[in-house]
Amino acid sequence: MDKKEVYVVDDSADHRLLIRTIFNKFLPNYHVRFFQGGKELYEFLILQSSPEYKGRRPGLIILDLKMPAIDGYDLLKLLRQTPDNDVTKWRTLPVIILTSSGKESDIDKCYSAGANSFIEKPMEFEELRFLLETICHYWLDYNRLPSVNTELNVTS
């Protein structure tokens, strides 16, 4: 089975290091790629949309909300508007918001833009480890998405 990558987008170097440590030590079977912000991921997605790109494709995006330049909310809207290609269906790619915000307005806004889940960042290491394990197992091992060739009829 072709293993997809987990994309983690967070402007905090400390938080990226913490998540990298968890993946290296407790989740070594998952491939993870880190991005310092929304702009960096969006530029990478432009490169990845080329037919010549042969690298791994995303299976899950874990996205911080409060970031400079392109914040998590704007990046989420851009992701959901990105045209599907032969290997990635952007409208159904799981995007999890992992943020320090718990504001109802942020939650509502993110779900309206197409987030699959909105989770407040845990403060304890073990809680974050368990959360990342659960997220990866569910979205990458158990959840089934429509095939890339499936046309979705979405009505408003």
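Asp64 sits in the loop that joins β3 (58-63) to α3 (72-81). The model is predicted. An unreviewed UniProt entry places the feature "modified residue: 4-aspartylphosphate" at Asp64. Relative accessibility here is 5%, so Asp64 counts as buried.

Leaving out residues up to four places away in sequence, Asp64 touches Val9, Asp10, Asp11, Gly72, Leu98, Thr99 and Lys121. One of these partners, Lys121, lies in another loop, between β5 (117-120) and α5 (125-142). Lys121 has a relative accessible area of 18%. The cut-off for buried is under 20%, so Lys121 is buried.

The two residues compare as follows.

| Residue | Loop | Relative accessible area |
|---|---|---|
| Asp64 | between β3 (58-63) and α3 (72-81) | 5%, buried |
| Lys121 | between β5 (117-120) and α5 (125-142) | 18%, buried |

What does the side chain of Lys121 make a polar contact with? The partner is the side chain of Asp10, at 2.9 Å. Asp10 also touches Asp64. Beyond its neighbours within four places in sequence, Lys121 is in contact with Asp10, His15, Asp64, Leu98, Thr99 and Ser100.

Next, the helix that follows the Asp64 loop, α3. α3 packs with helix α4 (residues 104-113) at an angle of about 15°, and their axes are 9 Å apart. That angle makes α3 roughly parallel to α4, since angles under 35 degrees count as roughly parallel. The crossing of the two helices, α3 and α4, is left-handed. On the α3 side, the residues that meet α4 are Tyr73, Leu76, Lys77 and Arg80. Their counterparts in α4 are Lys109, Cys110 and Ala113.

Terms used: Residues are numbered from 1 along each chain as its sequence is written. This is a predicted model: local features need pLDDT of at least 70, side-chain atom pairs count only at pLDDT 80 or more; totals for chains, interfaces and linings use all residues. Side-chain values use heavy atoms; hydrogens and water are left out. UniProt positions are given in the numbering used here, feature names are shortened, and annotations may be inferred rather than shown by experiment. Helices (H or I, at least four residues) and strands (E, at least two) are DSSP runs, numbered from the N terminus. Buried means under 20% relative accessible area, exposed over 50%, partly exposed in between (1.4 Å probe, protein chains only). Contact means heavy atoms within 4.5 Å. A polar contact is a pair of N or O atoms within 3.5 Å; within protein, one must be able to donate a hydrogen and the other to accept it, and residues adjacent in sequence count only if both atoms are side-chain atoms. Axes are lines fitted to C-alpha atoms, for helices over the stretch in contact, and angles run from 0 to 180 degrees between N-to-C directions. Angles under 35 degrees count as roughly parallel, over 145 as roughly antiparallel, 65 to 115 as roughly perpendicular and the rest as oblique. A crossing is left-handed if the near helix is turned anticlockwise from the far one by less than a right angle, and right-handed if clockwise.
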